[in-house]
Structure formats: structure tokens, C-alpha cells
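The following report describes how strands, helices and nonpolar cores are arranged in one protein chain. It is best read with the sequence and the coordinates at hand.

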Amino acid sequence: MKIVVVDDEAVLVKGIRFNLQSDGYQVLTGSNGLEAVELARDPEVGLMILDVMMPEMDGLTACSRIREFSQVPIIMLTAKTEDMDKLMGFDYGADDYLTKPFNILELKARIRALLRRSQPRQQESSNRLTGGGITLDLDSRNAYKGGVLADLTAKEFDVIEFLMRNPNRVYSREALLDTIWAYEYRSDIRTVDVHIRRLREKLEENPAQPQHILTKWGVGYYFKG
């Protein structure tokens with residue numbers, strides 16, 4: 001699956017590309033609306049993420065041009081918050097709208113939702129992550145341990161979802177902090193340790209001797225199914 005990301009903020013594009021590639025997507029990038037229109041002509045593109053304010057051609061105009069030949073799902077990114085701006089985006093053919101700054105996991109959730117709607121034959125199992133007796137329902141954002149609902153906070157769910165999507169891959173506390181909390185605030189690095197501890201208490205049979213939410217000493221944390 002190819003996803004197109006077009007934004008003139010190079011750092012933002014780099015961050016989105018890294019996170020989507022980690023989920024197995026092939027990511028094509030651009031920096032202006034003209035490039036967005038050309039990238040949309042690739043028949044393997046399954047979804048596009050376009051910034052509203054871009055040089056050469058703005059995102060709304062690009063979206064309108066793309067709609068002349070393609071119904072590919074489009075998510076618009078903008079720093080504006082007025083409802084009228086969002087309505088204008090929908091009028092131009094956008095499918096969803098996300099205001100900067102945003103949590104990368106929220107963007108991923110919106111991508112999955114749009115892809116499910118555009119590909120109704122996709123298997124229901126793709127809406128869940130399972131491993132080590134833990135099941136995450138990505139639609140309801142509920143977590144289950146041995147079939148029993150676990151009461152996770154939103155950030156705890158974000159952390160375990162990220163680790164389960166990348167099993168056996170070790171992430172430093174800095175990497176987890178940057179990925180999960182990047183667009184909200186730069187927190188104390190111990191925040192990650194606290195969330196890992198709470199996840200073990202809620203999802204491990206024996207939190208003192210975890211079998212799935214593991215530590216690689218001196219490196220970071222990882223999930224083993």
C-alpha cells in the first residue's frame with residue numbers, strides 16, 4: 001500500500017514517513033500541491049495526506065484537481081481551527097481533516113478508518129492486534145487480557161499499540177517519548193517508565209516477572225508475543 005504525504009514542512013514529512021514505514025506502508029512524499037497532483041496519478045496510491053497551506057498550489061486546490069480523476073481517500077492537515085475551514089476542505093473533496101499539532105497515533109487511526117471504508121472487503125481481523133494473550137481492539141480502543149477488559153488510559157493504549165505493532169523491536173525511552181508524546185509536550189523521560197510499569201500491572205500475569213512487555217537493559221523496551 002502506497003501513501004502519499006505532501007507538506008512543505010520537511011521535518012513533519014520525515015516524521016510521518018518514518019512512522020508509516022514502520023507500519024509497512026510505502027510512503028511517497030512531496031512539498032507542494034503540484035507534486036501532490038502528479039503523485040495521485042500512481043494507481044497504487046491508496047491514501048493521501050495533504051497540507052492546506054503549500055507553495056506552487058495549495059492543498060485545497062490540489063485536492064480539487066485530484067478529484068477530477070481519482071477518488072483516493074484524502075486527509076487534509078492544517079494549522080487552522082475554524083469550522084468553516086474544515087467545511088471548505090470537505091467541499092473540495094477531502095475525506096478527513098486533522099489540525100496541527102496532532103498525535104501521530106491519531107493520524108494512524110484515521111488512516112486505518114479511511115482505508116477500511118475504501119476497502120470494505122478487508123478482513124475484520126485487521127482491526128485487532130493480538131499477542132501474548134493480549135488483544136487490542138483498534139476501533140473501540142479497548143484492551144483485553146485473557147478476554148477480560150483492561151482499564152487502560154489513552155496514552156497507555158498508545159504505548160502498547162505501538163509496541164505490539166513492532167514486536168521484538170527495541171525502542172529507547174527517548175524514541176518512545178518522541179513518538180507517543182511528540183506533538184503534545186516534551187515530558188520527563190521517566191513518563192515512559194511509569195506507563196510501562198502500569199501496562200505490566202494491567203496486562204501481565206506477574207508484573208514483577210513480565211513475559212511480554214520486556215526491558216532490554218541499557219537499551220529500551222519491546223513487546224514479545
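Two strands are taken to pair if DSSP finds at least two bridges between them. The model discussed here is a predicted one, and its description begins with a hairpin. Strand 6 and strand 7 form this hairpin with 2 residues between them, and Gly 132 in the turn has a positive phi of about 60°. The two strands run antiparallel and are joined by 4 bridges, strand 7 comprising residues 134–137; Thr 130 has Thr 135 of strand 7 as its bridge partner. The side chains of strand 6 (residues 128–131) alternate, in that Leu 129 and Gly 131 point to one face and are buried, whereas Arg 128 and Thr 130 point to the other and are not.

The hairpin belongs to an open sheet of 4 strands in the order 6-7-8-9, with antiparallel pairing. Strand 6 and strand 9 (148–150) are the edge strands of this sheet, each pairing on one side only. A second open sheet, with 5 strands in the order 2-1-3-4-5, shows parallel pairing. At its edges stand strand 2 (26–30) and strand 5 (96–99), and because each has a single partner strand, one side of each is left without a neighbour in the sheet. Within this sheet, strand 3 (residues 45–51) and strand 4 (residues 74–78) pair in the parallel sense over 4 bridges, and Leu 50 stands opposite Met 76 in strand 4. The table sets out the two sheets.

| Strand order | Pairing | Average turn between neighbouring strands, direction ignored |
|---|---|---|
| 6-7-8-9 | antiparallel | 25° |
| 2-1-3-4-5 | parallel | 20° |

Helix 6 (residues 154–165) lies across strand 6, strand 7 and strand 8 (142–145), and runs at about 110° to strand 7. Asp 158 lies in this helix, and it counts as buried because its relative accessibility is 5%, where the cut-off for buried is under 20%. Leaving aside neighbours within four places in sequence, Asp 158 is in contact with Asn 103, Leu 105, Arg 141 and Ile 180.

Further along the chain, the axes of helix 7 (residues 173–181) and helix 8 (residues 190–203) come within 9 Å and cross at roughly 85°. Helix 7 is therefore roughly perpendicular to helix 8. In this contact, Arg 173, Leu 176, Leu 177 and Trp 181 of helix 7 meet Thr 191, Val 192, Asp 193 and His 195 of helix 8, and the residues involved divide into 4 nonpolar, 2 polar and 2 charged.

Which residues have the most contacts inside the largest nonpolar core? This core has 45 residues, and those with the most contacts inside it are Ile 16, Leu 20, Ile 49, Leu 107, Ile 111, Leu 136 and Ile 160. When residues up to four places away in sequence are not counted, Leu 136 touches Asn 127, Arg 128, Leu 129, Asn 142, Ala 143, Phe 157, Ile 160, Glu 161 and Met 164. A second core, separate and of 21 residues, includes Val 6, Leu 28, Val 37 and Ile 66.

Technical notes
Residues numbered from 1 in each chain as written. Predicted model: local features only at pLDDT ≥ 70, side-chain atom pairs only at ≥ 80, totals over all residues. Heavy atoms only, no water. Buried < 20%, exposed > 50% of the residue type's maximum accessible area, 1.4 Å probe, protein only. Axes fitted to C-alpha atoms, helices over the stretch in contact; angles between N-to-C directions. Contact = heavy atoms within 4.5 Å. Parallel < 35°, antiparallel > 145°, perpendicular 65-115°, else oblique. Nonpolar A, V, L, I, M, F, W, Y, C, P; charged D, E, K, R; others polar. Core = buried A, V, L, I, M, F, W, Y, C linked by side-chain atoms within 4.5 Å.
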